[in-house]
Amino acid sequence: MFASHLSFLILWVSFSLAHPVDYRLLNARSPSSTSTVTTTALRTPDPTINGPLAVNDTRTFDLQVLFDGNQRFRESRLDLKKTLAEPPGVMFIGCTDNRLNPGDIFQTPAGSTISQSNLANQFTKKDLSTYAAVMYAVKSLHIQHIIVLGHYGCQSVHNAMASRPPEGIMQTWLQPITDTFSRSRRPEIKKLIMARRWYDDAGAAEADADASRALVEENVRTTVKNLQTQSILSVAYDKRNRDPNLQLKVFVHGFVLDEESLEVKDLGISFGPPGQTIPKLPFDVTVASTFHNSFGKFNPKAKKLDPTQISNVAASQTMSSAPNKNGVA
């Protein structure tokens, strides 16, 4: 009898180990169960970021619009040779989410500006595309101004400050903005953070719009600062620079577009070559920029790339991503 009971116990234990049962799931699924199970709600993925591609059957973009537009462009008989003979004077670093391009916003003549866009108008030396575009614009096209153009209502900035930020590659790209949000001393942003900390949903909803506008401005400031410390300009404006090919005169500005009023505002964070007077800008300066302005002029004490390093930045990053002898990146 004892041996049969022992054999049954051994078989039961073996079956339990081989097929474990989560009794919490049994209780949660059983309609007759009276026990309360506390579960963590799964995050519903944002289909615009992480979900499958949505099929929009209610709207179709007619490519005939492009053909008709090209016909009108041809009929305008624009003298491209004459237009493109003059180099552009301004480079815009804009946001992919902003569907109003600088040519529409500023009504500039054809060929007078160039643009580089990415999500949330960012610049870092790790982004080789924007890094190379800035270097090309400065060294080959000899532009005079770089304008970082943010826009209120930027969805990328709003995603970066969300209580549940996007995942995957989007999180990696927007992480610098999330870090700016967490460290910011702007009262609009601190108000939202405190409301979330105290689970004040009504207060968080009320503070969300102002915090988003403030973070758009702070993100533009960060991009201007990165251009000051991480781009080719940081070397050209370094007192140790002795390269005659890097005697540059480029000014960098931070603008924000208000998509409701269509007004462009200056953040008052421009910088240029040391000792050079920054040109007076005709745009109104935002009130918020007077609260948290750490720029104004080029700061020679700012941490920046060494002149001997910047020429090897792109090469070193390319080498670090290339496979080694074993084929491992």
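This is a short talk through one protein chain, from its overall make-up to a few individual residues.

Hi everyone, and thanks for having me. One thing to keep in mind from the start: we are looking at a predicted model.

Let's begin with the whole chain. It has 13 helices and five strands. There are 329 residues, and buried ones make up 33% of them. Now think about contacts between residues at least 6 apart in sequence: 67% of these join residues at least 24 apart.

Next, the inside. In soluble globular proteins, nonpolar side chains tend to be buried together. Here, the largest nonpolar core has 49 residues, and those touching the most other members are Met91, Val134, Val138, Ile146, Leu227, Leu233 and Leu248. Which helix gives the most to this core? That is helix 10, residues 201-230, with nine residues. There is also a second, separate core of seven residues, and Val90, Ile147, Phe255 and Leu257 are among them.

Let's pick out Leu248 from the largest core. If we skip its neighbours within four places in sequence, Leu248 is in contact with Val138, Leu233, Ala236, Tyr237 and Pro273.

Now please find His145 in strand 3, which covers residues 145-151. Here is a nice example of sequence and space telling separate stories. His145 and Val90 are 55 residues apart in sequence, yet their C-alpha atoms are 4.8 Å apart in space. Leaving out residues up to four places away in sequence, His145 touches Gly89, Val90, Met91, Val250, Phe251, His253 and Pro279. With one of those, His253, there is a polar contact between the side chains, at 2.9 Å.

Let's move to a pocket. The second largest one has a volume of about 240 Å³. Its lining is made of Gln122, Phe123, Thr124, Lys125, Lys126, Asp127, Thr172, Trp173, Pro176, Asn226 and Gln230. Two elements give two or more residues to that lining: helix 8, residues 169-183, and helix 10. Which of the elements gives the most? Helix 8 does, with three residues. What kinds of residues are these? The lining divides into three nonpolar, five polar and three charged.

One lining residue deserves a closer look: Asn226. Its place is in helix 10, the helix that gives the most to the largest core. Is Asn226 buried or exposed? It counts as buried, because its relative accessibility is 13% and the cut-off for buried is under 20%. Beyond residues up to four places away in sequence, Asn226 touches Phe123, Thr124 and Ser231. Phe123 and Thr124 are also on the list of lining residues for this pocket.

Finally, let's look at two backbone angles. Asn121 is not a glycine, and still it has a positive phi of about 40°. You can find Asn121 in the loop between strand 2 (113-118) and helix 6 (128-139). The other residue is Leu262, also not a glycine, with a positive phi near 65°. Leu262 sits in the loop between strand 4 (251-257) and strand 5 (264-266).

So which of these is buried and which is exposed? Asn121 counts as buried, because its relative accessibility is 2%. Leu262 has a relative accessible area of 54%, so it is exposed.

That's my tour. Thanks for listening, and I'm happy to take questions!

Notes:
Residues numbered from 1 in each chain as written. Predicted model: local features only at pLDDT ≥ 70, side-chain atom pairs only at ≥ 80, totals over all residues. Heavy atoms only, no water. Core = buried A, V, L, I, M, F, W, Y, C linked by side-chain atoms within 4.5 Å. Buried < 20%, exposed > 50% of the residue type's maximum accessible area, 1.4 Å probe, protein only. Helix = DSSP H or I, 4+ residues; strand = E, 2+ residues; numbered from the N terminus. Contact = heavy atoms within 4.5 Å. Polar contact = N/O pair within 3.5 Å; in protein donor to acceptor, adjacent residues only side chain to side chain. 1 Å grid on protein atoms, 1.4 Å probe; cavity = no way out; pocket = protein on both sides within 12 Å on 5 of 7 lines; lining within 4 Å. Points joined across faces, edges and corners; volume = space filled by probe spheres on them. Nonpolar A, V, L, I, M, F, W, Y, C, P; charged D, E, K, R; others polar.
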